[in-house]
Amino acid sequence: MEEMTRIAILGAGSWGTALAIRLAKPGRALSLWVYETDLAESIAHTRINPLFLPDYKIPSSIQVSSSLQLCLKDAEIVLSAVPSQFCRTVYQQMLPFLRPEMVLVSATKGLENGTLQRMSAVIEELVSPLWQPRIAVISGPSFAREVARGDPTAIVVASHEKNVAELVQQEFSGPSLRLYSSEDVVGVELGGAVKNVIAIAAGVCTGLGYGFNTVAALMTRGVAEMTRLALACGGKRETLAGLAGMGDLVLTCTGELSRNRSVGLKLGQGQKLPDIIRSTRMVAEGVITTRAALQLAGRHQVEMPITEQMNLVLHHGKDPRHAIRNLMERRLKEE
């Protein structure tokens, strides 16, 4: 029997845990790195992640540890699912244990504050002084709970190296998870990041009591906004019309499991952002990405009115109702 590729997954939030459950196969060496030592010990003993995905059993074949060195030992694919603001720190800690032949895959949907970099760019910046890394990114409409449950799910893997994308596609695809390959790393990553901002706006609309008309309009203009930014940064229009763009946007703007939509919903209902953030351990990437996406748009002179209004609501205390009204009262123009 052909030996299966050894995979290390970094980050035991709901997404990392779900990917570990879905990628576990008989005979495959798979490790899951957990930041908190006590949580790692608990998961290793009970095979349950009580904080982020308590309803799904983690297969006993998965090695669970808080040691990066142990998890990365002999790994051929390293899949990172840590929040965007921790990506740089985790990779800096990983550097001594990485090897040139490893394929480094990012499953994080966000931009780094300050640098405005996509996760693949952060990884390349850190690793390229040592060797030219083999990098891929995955994104698409994929709620962690449904992936863990085994619901049929389709996502995209992108890499500048076609053979790298195809390797990840072959290794990750299975009966309930289908991967499409792409060479548009920029489009896939920006689609995955900016759709979270639009999802917060969609949640705001619902929280304010607006109906399907409003959310449909917002989503459609959101795709236009995402596409403008991606094109300005070197992405492809068709990527934003596919799974990593429109597909993920539909899911995140309408699905009740969406963390970003939930944040917007509560904002629309009158709750304050600090209270919303305190009430959950889950990371809503859109809160951080909103500011970074707006700065990136400014750098490329791209108009992003929805992102601009969400930035004012999230970080400057603007009344959500006024934000939506301002979007409706913008200068009239062709579609």
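## The protein as a whole

Of the 335 residues in this protein, 54% are buried. Keep in mind as you explore that the model is predicted. The chain forms 16 helices and ten strands, and its C-alpha atoms fill a box of roughly 65 × 40 × 35 Å along the principal axes.

How does the radius of gyration fit with a compact globule? A compact globule of 335 residues would have a value near 20 Å, and the protein has 19 Å, so the two agree. Contacts tell us about the fold as well: among those between residues at least 6 apart in sequence, 70% join residues at least 24 apart. On the outside, the accessible surface comes to about 15000 Å², and carbon and sulfur atoms account for 52% of that.

## Two nonpolar cores

In soluble globular proteins, nonpolar side chains tend to be buried together. Here, the largest nonpolar core has 44 residues, and L218, V263, L267 and M310 have the most contacts inside it. Several helices give two or more residues to this core, including α8 (185-207), α9 (212-232), α12 (259-268) and α15 (305-316). Which of the elements gives the most to this core? That is α8, with twelve residues.

Try finding L267 in the structure. Beyond its neighbours within four places in sequence, L267 is in contact with I200, V204, L273, I276, V313, L314 and P320. There is also a second, separate core of 39 residues, and among its members are A20, V34, L79 and I138.

## A closer look at A193

A193 lies in helix α8. Is this residue buried or exposed? With a relative accessibility of 0%, A193 counts as buried. Setting aside residues up to four places away in sequence, A193 touches K109, G110, L111 and T289.

For a sense of scale, compare positions in the chain with positions in space. A193 and G150 are 43 residues apart in sequence, and their C-alpha atoms are 24 Å apart.

## E171, a buried glutamate

Next comes E171, which sits in helix α7 (residues 162-172). Its relative accessibility is 15%, and buried means under 20%, so E171 counts as buried. Apart from its neighbours within four places in sequence, E171 is in contact with T5, K25, R28 and I77.

How far is E171 from I7 in space? These two residues are 164 residues apart along the chain, yet 9.4 Å separates their C-alpha atoms.

## Q117 in a loop

Q117 is found in the loop between β7 (103-106) and α5 (119-127). Its side chain makes a polar contact with the side chain of R88, at 3.0 Å. Leaving out residues up to four places away in sequence, Q117 touches R88, L111, E112, V122 and E125. You have already met L111, since A193 touches that residue too.

## Cysteines without disulfides

How many disulfides does a search of the whole structure find? The search finds zero. Take C71 as an example: the nearest cysteine sulfur belongs to C87 and is 16 Å away. A disulfide needs the two sulfur atoms to be within 2.5 Å, so this pair does not qualify. Seen from C87, the nearest cysteine sulfur is that of C71, again 16 Å away.

Are these cysteines buried or exposed? C71 has a relative accessibility of 2% and counts as buried. C87 has a relative accessibility of 2% and counts as buried too.

Terms used
Residues are numbered from 1 along each chain as its sequence is written. This is a predicted model: local features need pLDDT of at least 70, side-chain atom pairs count only at pLDDT 80 or more; totals for chains, interfaces and linings use all residues. Side-chain values use heavy atoms; hydrogens and water are left out. A nonpolar core is a set of buried Ala, Val, Leu, Ile, Met, Phe, Trp, Tyr and Cys residues joined through side-chain atoms within 4.5 Å. Buried means under 20% relative accessible area, exposed over 50%, partly exposed in between (1.4 Å probe, protein chains only). Helices (H or I, at least four residues) and strands (E, at least two) are DSSP runs, numbered from the N terminus. Contact means heavy atoms within 4.5 Å. A polar contact is a pair of N or O atoms within 3.5 Å; within protein, one must be able to donate a hydrogen and the other to accept it, and residues adjacent in sequence count only if both atoms are side-chain atoms. The radius of gyration is taken over C-alpha atoms; the globule rule is 2.2 Å times the number of residues to the power 0.38. Accessible areas come from the Shrake-Rupley method with a 1.4 Å probe; for residues, only the protein chains shown count as cover.
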